[in-house]
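User: I've just opened this one up and could use a hand finding my way around. Can we go through it bit by bit?

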Amino acid sequence: RAGWWPTLSGTYSAQRSRGLASGGTAVPIQNRYGPGLSLSWLLLDFGGRGGNIDRAAAARLAAEYGLNQTLQDRVLAVETAYYSAIGTQALAGAEGAAVDAARANLDAARQRHQAGLATIAEVYQVEAALASAELALLRAQGRNVIAQGALAIAVGYAPDTSLALADWQWHRADAELPKQTLGDLLAMTRDARPELLAAIANEQAAAAAARSARAAALPNLRLSATAAETTISDRGSSEQFSVGATLNVPLFAGGALQGAIRQARAAQQAAAASTEGLRLNVEQQVWTAYRNVETAHASLASADAQLAAAERATEALRARYRNGLASVLELLSSETVLARARVDQIQAGLDWSLALATLAHNAGGLAVSAYGVVP
């Protein structure tokens, strides 16, 4: 906004000189010194200053929206890393339960072998299943360590920082679909996504730059004034001043002014096209995230039903195996299905949480009340 104001400069000069008279004789040395003041004020420029101010304001707004987008991206990165950390921790717990079950099965197989009800091959098969479960547990624990390191990095710490995380607690009854329709979310995204708002601000800045370029090809009126006091040694002081107005009319610049106008208009059109492309991309992100939320929500009931059925089947097969009514292959197959069901249930909860967080991010930030539950 400084362009609306005059510029005022103060000076102080000192000079020591000796010249020659018209006849060639030397004149005495003169000392000149004194203060001065000059003022310059652009009175009229047909919108050039206003365009510069609007461009600067739009650029600042775009930078602020860019910061908001960076913060939201960081929030999503932390959420993703957090769910990965507690999810891999829960998966390690599920693999640990599979190891415990395999050990119990091994004890049962050895007892049956000692009683002459099972062959040594059955014992070896159960031992192999136990080793496989222990290997899966070690891998899950390794993934959990890596996930916790990634979470520490996401929040700004060293990867070896120990973070105390809450245990995975999941209740399917808490999962609710967004109350807004997909159309409502898309409409809200256009006014809430910082990245899109920053693009709109950049488009406004380009429009303001085009106005400034047009103003540069038009006349401008400037007021100027000076005032000074000069003191000459042995002769006294004198005051000087001047006031004037200058009208500058651009007549010819080799096409540079018109070229600048065309360049600014082209930049404005490019900014508008970029904004439209980004809008379509953002809407696609919201659409995809919304469909992922629907899919994740539908998967929760299936995962719970799968786990409940696998638990009942495995419990029955364990009892039948101890009583000699089921083979070890049937038991091991059922244990494998149960372990997979535990993993699938945890993964379904993680998929739901991540899908919800991604939708909130892609839509530009959603209130908790929009879901009725804190994801």
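**Strands and a pocket**

Analyst: Sure. Keep in mind that this is a predicted model. A good place to start is strand β2, residues 30-44, and strand β3, residues 220-232: they run antiparallel and ten bridges join them.

User: Which residue in β3 is the bridge partner of Y33?

Analyst: Y33 pairs across to β3, as β2 covers residues 30-44 and is joined by bridges to that strand. The partner of Y33 there is T231.

User: What are the edge strands of the sheet?

Analyst: The sheet is open and has four strands, paired antiparallel in the order β1-β2-β3-β4. An edge strand here pairs on one side only, and that leaves us with β1 (7-17) and β4 (236-248).

User: By how many degrees are neighbouring strands of this sheet turned against each other on average?

Analyst: We're still with the order β1-β2-β3-β4 in the open sheet. Ignoring direction, the average turn between neighbours is 15°.

User: Now the largest pocket: which element gives the most to its lining?

Analyst: That pocket holds about 360 Å³ of space. Its lining has 16 residues, with A98, A133, E335, T336 and A339 the closest to the centre. Elements giving two or more residues are α1 (48-114), α2 (120-154) and α6 (328-362). The top contributor, with seven residues, is α6.

User: And how many residues of that lining are nonpolar, polar or charged?

Analyst: There are 16 lining residues to sort. Four of the lining residues are charged and three are polar, while the nonpolar ones number nine.

Terms used: Residues numbered from 1 in each chain as written. Predicted model: local features only at pLDDT ≥ 70, side-chain atom pairs only at ≥ 80, totals over all residues. Heavy atoms only, no water. Pairing = 2+ DSSP bridges. Axes fitted to C-alpha atoms, helices over the stretch in contact; angles between N-to-C directions. 1 Å grid on protein atoms, 1.4 Å probe; cavity = no way out; pocket = protein on both sides within 12 Å on 5 of 7 lines; lining within 4 Å. Points joined across faces, edges and corners; volume = space filled by probe spheres on them. Nonpolar A, V, L, I, M, F, W, Y, C, P; charged D, E, K, R; others polar.
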